[in-house]
Amino acid sequence: MDYTLFVIQLLNGLQLGILLFLVASGLTLVFGILDFVNLAHGSVYMLGAFICASLTFALGNFVYALLISLPIVAVIGYGFERLIARPLYERDHLDHVLGTFGAILVMDTLAHMIWGPAGIAIPLPAALDGQTQLAPDIVVPTFRLAIISAGLIAAAGLYWLVNHTRTGMLIRAGASNRTMVTALGIDIQALFSFVFAIGAALAGLAGMLIAPITEASLGMGNNIIITAFVVIIVGGIGSMKGAFLAALLIGMIDTLGRAFLDDIFKIFMSSSVAENSAPAISSMSIYLIMALILFFRPQGLFPPKLR
Amino acid sequence: MKKLITTLLGTSLLATSALAADVKIGFVTTLTTPAAVIGKDMQNAVNLAMEHLGGKAGAHNLEVIFGDDGFAPDTGKQVTDRLVKQDKVDFVAGYIWSHVLLASRKSALDAGKILISSNAGPSQMAGKLCHENFFSASWQNDQTPMAMGEVLNKAGVKSLYIMAPNYAAGKDMVAGVERTFKGQIVGKDLTKWGADAQLDFSAELAKAKASGADGIFVFYPGAAAGAFTKQYHQAGLKDNLPLYSVFTVDGISLPKLQAANFSGVVGSKVTQEWDPSLDNAANIKFVSDFKAKYGTYPSFYAAQSYDTIRMIAAAVEKVDGDMSDMDGIRAALKSADFDSVRGSYSYGSNNFPVQNFYLREVVVDGDGNWTTQVVDKVLTNHVDPHAADCKMK
């Protein structure tokens, strides 16, 4: 196995991991702080992709469209919290699941009505559409590097917000002990709305970043939301650091599994058996990891310190 | 006056009830999930065929009831059951996906209905599972990639990388190209498929590039087609890893690729049994009326769906609407005696078409729209490789 291919696959795994983190971070924030199960988080990811696609065609430039879409998606997240999530906080998790599952159906149908079933391919500006040479043998699509950088910037911003600002302190305090934060006179409702909006913006950003690669399509959020739940379960529900490391881990396992599993299997089984079993095993790999984690360390790899 | 209207209404009601829906056709396709874009195209073609027929087969009314398979075999089977048991249809037709058709076939055939595939052509149903009541209005999965294999041999491609989705048709497509391609296959990836299909092919494309193959063969129908084509171009593979595809660059994906201006796809070559440029009266009428009504070129899915309705209508007319005359209906279907948009063809022993396969190229038409046109005939009156496994004579 040559090392350049391995490096390229590591980059691909990193890119997938970063996207997963953007979705999972919002999920883990909302679950950790609000104790709210939000299945509809993936729908925001889809809406982000579609809104960005429409704006790209309206403005003629993907980058501007992305910058304008971000606040729009944050507002959608804010509205979702006020109208749908807030009345459900006091009820149990099953009601959260039912309510937000209904929201998924509504948003998918809305997207179907507005944008049609076909999905939208997003053109990239010439500067992002080519390839970049990182080393003599390592050539990767420029846009994939852009995804990695944009994701890392968002992750760094989130880290700064949560760990080095007063708002972040309140968020962490809210995650540890909600009652105490309220008792200290903090407007917890406003904080919750803010967290929801941030989570929505991050998920929307992930959707906007993936759309030029796959395209904006109906139900795209429903696929990633399952993987995002795997990420927060592996990382430890409510933990930011856990979500980040688990997202990278899952991204790497999924990509490297798809890339190298059949070659590895060929060492000890016939090539036709390897060709048939490798895709099956690699699509299961992340769930196998989750099952192992749940068995040996049900609280996740990096659980938050206090609950 | 009022009395007159009532009488007129009464008689017209009598007249319609005497003729109402003599023959019902259940048409199963995908109307939700991103793959609904294919189902919509098929639905449009079925409606156009009904319009061209005036809703009638000879003196008998036709009615089409659509069913949504949701891109999933279990849902497809349920909707087939419903069409057969509840709506009591006479024909069950449609089916984009091989795995959905394989799951649904028993529901239709055990109930003694005629089953017609408008697209899917799984190898099992051409061979061991062939049935006197099952007909294909499309092709057997292996055939189109077999034609592509011949094209690759002619183009002097010595080594090939293969990518396809991991389901029944994906495996048939891979087997098909392997049947005729004479060079070496240096790598193969089967990717996750279904409503949660894998659409990011970064790992696979990096492997394909590193393999140093002369070309890459892919099969990515529906929404995955746009995703694959874009990533192929973003990875800059056009010059060192030429793309040879089946069912990927088509009437469904081209308008979207054009909207996003992925001009790299113009000039790429695909194989197919039908093309909008085929020069026969039925096809010219179909393509121009379809474009006038829906504003886009029909895809091959649409062409096959149109043929499905036309061949059912021809068979119903031949037995004069007598749905108990199953032998007559089967014989009429088997004769392929209707004006197919692909030109005339015949049926083999396993009820799959024996037909030509063409090489087509993506071109820009007179109005600036991207479409395909025939450049060569690759296979003539081709019999699928599984026909020998079928016990029917």
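**Exercise 1.** Find how many residues chain A and chain B each bring to the contact in this predicted model, then work out which elements of chain A take part.

*Solution.* Start with the totals: chain A puts in 31 residues and chain B puts in 33. Next, look at who supplies the side of chain A that touches chain B. Two or more residues come from each of α1 (3-34), α6 (142-164), α9, α11 (240-268) and α12 (271-296) of chain A. Of these, α1(A) gives the most, with six residues. Last, sort that side by residue type: 14 are nonpolar, 12 are polar and five are charged.

**Exercise 2.** Locate Glu215(A) and decide whether it is buried or exposed.

*Solution.* First, walk along chain A to the loop between α9 (188-214) and α10 (220-235); that's where Glu215(A) sits. Now check the backbone: Glu215(A) isn't a glycine, yet its phi is positive, about 110°. That's worth a pause, because most residues other than glycine have a negative phi. Then count neighbours. Glu215(A) has 25 C-beta neighbours inside 10 Å, so it counts as buried. The cut-off for buried is 20 or more.

**Exercise 3.** Do the same for Ala336(B): where is its place in chain B?

*Solution.* Go to the loop between α13 (326-334) and β12 (346-347) of chain B, and you'll find Ala336(B) there. Its phi is also worth a look: Ala336(B) is not a glycine but has a positive phi of about 50°. Finish with the neighbour count. With 19 C-beta neighbours inside 10 Å, Ala336(B) counts as partly exposed.

Note on methods. Residues numbered from 1 in each chain as written. Chains lettered and ligands numbered in written order. Predicted model: local features only at pLDDT ≥ 70, side-chain atom pairs only at ≥ 80, totals over all residues. Helix = DSSP H or I, 4+ residues; strand = E, 2+ residues; numbered from the N terminus. Buried ≥ 20, exposed ≤ 12 C-beta atoms within 10 Å, placed from the backbone. Contact = placed C-beta atoms within 7 Å. Nonpolar A, V, L, I, M, F, W, Y, C, P; charged D, E, K, R; others polar.
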